[in-house]
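Hi,

Here is the structure I promised to pass on, with the sequence alongside. Please open it first; my notes on what turned up follow below.

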Amino acid sequence: LPEEIGQLTALVQLTLAPGRVGGPIPGSAIGRLKNLQNLGLSHNLMTGTIPTTLGGLKRLQMLDLSFNRLSGAVPGELSGLPALLTLRLAHNRLTGSLPASFRGAARLDHVDAKRNSLEGPLPEFPGSLTYLDLSRNRLSGPLARSVSGLNQLTYLDLGDNQLSGRVPPGLFSAPLSALVLRHNALSGPLPADLTNCRSLKTLNLSSNAFSGTFFREDSSNSSSNDLSASWPGLEALDLSVNDFSGPIPSSLARLASLATLHLQGNNF
């Protein structure tokens with residue numbers, strides 16, 4: 001991208017995706033585009049780091065730098081963009097810790113930074129978030145600080161990281177359609193509100209250290225404690241390679257939409 005692009009100061013949208021654009025992002029030039037609302041440079045060959053000057057684009061609503069060869073850390077300046085709705089950084093070579101909090105981006109709705117080499121703890125996110133995918137990184141630490149209060153989440157994938165501790169109570173009060181926590185070091189029993197999420201279609205908790213009874217059925221009142229009533233649209237359930245015990249719930253057989261079921265590697 002040439003430095004001269006910074007002369008287009010009335011520009012509202014800049015999209016070059018997909019393409020064959022290489023080299024670094026010209027931070028000083030892009031930083032002068034104060035009217036920019038959408039910046040889409042995904043599916044290119046861009047290298048170097050994410051410029052900190054992007055944090056000065058106070059009208060920016062969408063930033064998509066995914067599917068490039070960008071390296072280095074995610075600038076903390078991005079976490080305070082007041083108009084930002086969508087942040088896509090997936091499929092790059094990003095390293096280091098994420099900013100501690102994105103709550104300065106109070107309207108943030110969609111974050112996708114999967115398939116990088118990000119490490120350290122999960123950030124705090126604003127309650128407006130509905131989509132979060134940080135899978136296939138090296139993130140560590142507990143879930144609670146990050147996902148507590150995210151009551152509008154519909155999609156959460158934190159799989160293939162190094163997260164530990166317990167799943168916090170309240171996570172299943174969100175209208176989740178997909179929850180993927182596979183291949184971490186999460187442990188302990190699952191929260192009692194596990195079955196509150198009636199919109200769930202995909203639940204993957206495989207390859208962790210979860211224990212206890214996955215679901216306890218009440219034989220005296222099966223209609224009030226039935227997986228088919230709790231998750232009427234569940235299509236995929238993977239609990240494999242954990243330490244769950246007790247009986248396999250008979251109401252699994254009444255999940256009419258269930259197409260994939262993995263229970264191996266437990267103590268059922």
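Asp-226 counts as buried, because its relative accessibility is 9% and the cut-off for buried is under 20%. Please keep in mind that this is a predicted model. The side chain of Asp-226 forms a salt bridge with that of Arg-254, at 3.0 Å from N to O. The two sit in distant parts of the chain, 28 residues apart: Asp-226 is in the loop between strand S18 and helix H3, and Arg-254 in the loop between strand S20 and strand S21. Arg-254 is partly exposed, at 42% relative accessibility.

By the rule used, there are six salt bridges. One of them pairs Arg-88 with Asp-64 (3.7 Å, N to O). Arg-88 belongs to strand S7 and Asp-64 to strand S5, so this pair ties together parts 24 residues apart in sequence. Here too the acid is buried, with Asp-64 at 10% relative accessibility, while Arg-88 is partly exposed at 29%. Asp-112, Lys-114 and Asp-133 are joined into one network by salt bridges that share partners.

You may also like to look at the largest pocket, which holds about 180 Å³ of space. Twelve residues line this pocket, and the closest to its centre are Pro-191, Ala-192, Phe-214, Phe-215 and Arg-216. By type, the lining has seven nonpolar, four polar and one charged residue.

As for the whole chain, it has three helices and 21 strands, and 48% of its 268 residues count as buried. The C-alpha atoms fill a box of roughly 75 × 30 × 30 Å along the principal axes.

Best wishes

Terms used. Residues numbered from 1 in each chain as written. Predicted model: local features only at pLDDT ≥ 70, side-chain atom pairs only at ≥ 80, totals over all residues. Heavy atoms only, no water. 1 Å grid on protein atoms, 1.4 Å probe; cavity = no way out; pocket = protein on both sides within 12 Å on 5 of 7 lines; lining within 4 Å. Points joined across faces, edges and corners; volume = space filled by probe spheres on them. Nonpolar A, V, L, I, M, F, W, Y, C, P; charged D, E, K, R; others polar. Helix = DSSP H or I, 4+ residues; strand = E, 2+ residues; numbered from the N terminus. Buried < 20%, exposed > 50% of the residue type's maximum accessible area, 1.4 Å probe, protein only. Salt bridge = Lys/Arg side-chain N within 4 Å of Asp/Glu carboxyl O.
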